[in-house]
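Hi everyone, thanks for coming. I'll walk you through one structure today, so have a look at it first.

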Amino acid sequence: MKGFEYLQDELDQMEQDGVYRSLVPLETDQGATVTINAKKVIQLSSNNYLGLTTHPRLKLAAVRAADQYGAGTGSVRTIAGTFTMHEQFEQELAKFKHTEAALVFQSGFTANQAVLASLLTKEDVVISDELNHASIIDGIRLTKAARKIYKHVDMNSLEEALIESKDYRKKLVVTDGVFSMDGNIAPLPEIVALCEKYDALIMVDDAHASGVLGENGRGTVNHFNLDDRVHIQVGTLSKAVGVLGGYVASTRAVREYLIHKGRPFLFSTSHPPTVTAACQEAIQVLLDEPERIERLWFNANYLKRGLEKLGFDTGISETPITPVIVGDEKKAHEFSDKLLQYGVFAQGIAFPTVKKGQARVRTIVTSEHTIDLLDQALEAFEKAGKELKIIK
Ligand SMILES: *Cc1c(COP(=O)(O)O)cnc(C)c1O
């Protein structure tokens, strides 16, 4: 069919520049090792921090829910697609997060869209960290509020933006809790102090901290003991929680308002029973098996220290997200390809996901990796790194 030659031209150019990527289908479930092209490799690219995607309790909960309640819900939440389990789960989630209320969305992405597009008007301003996740950036594109960007985790830059914003009705400061490409933690105590000084609302997107930081994985807000001082927490059920979905944990008024105005909630069908039941079980597992989080952090430190000892640049990571910064885009992808050849699946990440010249291979360990697997992974990194002259 004619008409899309211009797209093909751009794709061809990407291939020439070495930045064209194919999808990598897994032939097994999402474990510490996976099979790709009939070859067993060590998985270092998933967000399955705690191994919950394959936890027997989650699988059983999903099977039972499908059996009893079916494969789908047949409606959006606001018409006929709210089941008792949806509301029950939201109450459990609010209790877990120590907030008044919670509301679940189809994904973390849509949760951000719902909040940012609906809570602010043209009399308001949203103030955002420059390295916030794409779903926050897109959410901000949908708001009628004014927008300001502050330099990454730079408190002087945030304070300037707050001072410039004093004439707006409402100011909302939004930040990732853990930044997904560098693995650093937002300085929430300082952000909260500034927001309180200038009377701003705070929203934290805790996608990479849900299940990872805080007591039983309650997130960065809990990690810093700021439970009553952050207005909106967005979390994901798709990463450490192991299933799919996003949520907003906040006040009853915010929940009620989003039920009326959050467009993904109003205009897109609710989670199937399997998803909700598995998420419910996952929160129980977080409470019952805190040792998973301990193992995750042990493994994260082990891999990070190993990579640093080999001479790799792991940037400013403080969490299980450990980037190996290479710089050149093409080289990052070559590095990733070589690692796969040596039995490690660690994806290359380049512009526009990270800044130009900051290309990297990003690793995320899980609680399910054994020391033996991590040692094998480090050997592969050493071999591939030396061959590409990334390390000496
Ligand atoms: C992954 C991620 C999201 C999106 O979550 P999904 O549930 O996968 O849609 C939102 N925000 C941040 C910071 C993320 O890392």
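Okay, a bit of vocabulary: a crossing of two helices is left-handed if the near helix is turned anticlockwise from the far one by less than a right angle, and right-handed if clockwise. Keep in mind that this is a predicted model, where local features need pLDDT of at least 70, side-chain atom pairs count only at pLDDT 80 or more, and totals for chains, interfaces and linings use all residues. Residues are numbered from 1 along each chain as its sequence is written, and side-chain values use heavy atoms, with hydrogens and water left out.

So, which way do H2 and H11 cross? Their crossing is right-handed. Helices here are DSSP runs of H or I with at least four residues, strands are runs of E with at least two, and both are numbered from the N terminus.

Now the ligand. It has 15 residues around it, counting any with a heavy atom within 4 Å. Among the closest are Gly-108 and Asp-205. For polar contacts, we look for pairs of N or O atoms within 3.5 Å. A backbone N or O atom of Gly-108 sits 2.8 Å from a ligand oxygen, and a polar backbone atom of Phe-109 is 2.9 Å from a ligand oxygen. His-208 uses a polar side-chain atom, 3.3 Å from an oxygen of the ligand.

Last, two backbone oddities. Most residues other than glycine have a negative phi, and most peptide bonds are trans. But His-98 has a positive phi, near 60 degrees, and Phe-351 and Pro-352 are joined by a cis peptide bond with omega about 10 degrees.

How values were computed. A polar contact is a pair of N or O atoms within 3.5 Å; within protein, one must be able to donate a hydrogen and the other to accept it, and residues adjacent in sequence count only if both atoms are side-chain atoms.
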